[in-house]
Amino acid sequence: MKFTTNNNKETQKLGKVLAKELRGGEIICLSGDLGSGKTTFSQGILNGLKIKGPYTSPTFVILKKYKVPGEKIKNAYHIDAYRIKSRDLEELGWKELAKSKENIVILEWAERTKRIIPRNALWIRFKWIDRNKRELAFS
Ligand code: ADP
Ligand code: MG
């Protein structure tokens with residue numbers, strides 16, 4: 001499934017729509033170049049989960065943990081693998097956090113840590129089309 005968005009609000013809206021479908025235990029893998037909209041989309045998901053902002057980019061901290069209000073989903077992890085490898089994520093406790101049905105995991109630059117991504121993960125590939133257009137391909 002492919003979507004084209006025409007501004008960052010539309011990309012956030014798509015993230016919000018996805019958030020409504022989440023039940024807990026999902027791993028959402030975002031791949032694509034710098035500036036293709038991965039963090040923007042992630043912010044839409046976090047917003048859709050009713051998490052209070054600000055949702056700053058995890059680029060420099062690698063991993064951000066948010067409490068999710070409500071019953072079923074407890075935590076949302078927003079991870080940026082740009083500067084790390086699979087091994088580093090394992091050291092941060094990846095195994096535990098990725099298998100819990102109480103967590104949602106959003107992983108930017110997931111293609112860099114392919115080895116540890118479960119097979120049932122949702123992949124979204126981001127493409128820069130022009131200054132304000134992005135293509136999101138879901139698989
Ligand atoms: P990434 O995390 O993939 O590096 P970001 O979401 O941080 O990307 O940055 C995307 C940049 O592109 C932001 O500055 C955003 O305002 C801009 N932008 C322009 N059009 C779009 C769009 N359609 N979707 C998402 N971001 C867009
Ligand atoms: Mg980013």
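A polar contact here is a pair of N or O atoms within 3.5 Å. That cut-off matters for ligand 1 in this predicted model, where an oxygen atom of the ligand comes 3.2 Å from an N or O atom in the side chain of glutamate 108. The pair therefore falls inside the limit and counts as a polar contact. Two other pairs turn up around the ligand. An oxygen atom of ligand 1 is 2.5 Å from an N or O atom in the side chain of threonine 40, and an oxygen atom of ligand 1 is 2.8 Å from a polar backbone atom of glycine 35. So threonine 40 and glutamate 108 take part through their side chains, while glycine 35 does so through its backbone. On its own, ligand 1 would expose 570 Å², and the protein buries 76% of that.

As for where all this happens, ligand 1 sits in the largest pocket. Two elements give two or more residues each to the shell around the ligand, namely helix H1 (8–21) and helix H2 (38–48). H2 is the top contributor, with three residues. The shell comes to 17 residues in total, and the closest are Thr11, Gly35, Lys38, Thr39 and Thr40. Sorted by class, the shell holds 11 polar residues, five charged ones and just one nonpolar residue.

Away from the ligand, strand S6 (residues 122–130) has two partners worth following. Strand S2 (residues 27–31) runs parallel to S6, and four bridges join the two. Within this pairing, leucine 30 stands opposite isoleucine 124 of S6. With strand S7 (residues 133–138), S6 pairs in the antiparallel sense, over six bridges. Here lysine 127 stands opposite glutamate 135 in S7. The link from S6 to S7 is a hairpin, made through two residues.

The backbone has a couple of oddities too, and both turn up in the loop between H2 and strand S3. As a rule, most residues other than glycine have a negative phi, and most peptide bonds are trans. The peptide bond from glycine 53 to proline 54 goes the other way: it is cis, with omega near 0°. Proline 54 lies in the loop that runs between H2 and S3 (63–67). Isoleucine 62 is the second case, with a positive phi of about 70° although it is not a glycine. The loop between H2 and S3 is also the place of isoleucine 62.

Terms used
Residues numbered from 1 in each chain as written. Chains lettered and ligands numbered in written order. Predicted model: local features only at pLDDT ≥ 70, side-chain atom pairs only at ≥ 80, totals over all residues. Heavy atoms only, no water. Near = heavy atom within 4 Å. Polar contact = N/O pair within 3.5 Å; in protein donor to acceptor, adjacent residues only side chain to side chain. Areas by Shrake-Rupley, 256 points an atom, 1.4 Å probe, with all protein chains shown as cover. 1 Å grid on protein atoms, 1.4 Å probe; cavity = no way out; pocket = protein on both sides within 12 Å on 5 of 7 lines; lining within 4 Å. Sits in = over half its atoms within 2 Å of the grid points. Nonpolar A, V, L, I, M, F, W, Y, C, P; charged D, E, K, R; others polar. Pairing = 2+ DSSP bridges.
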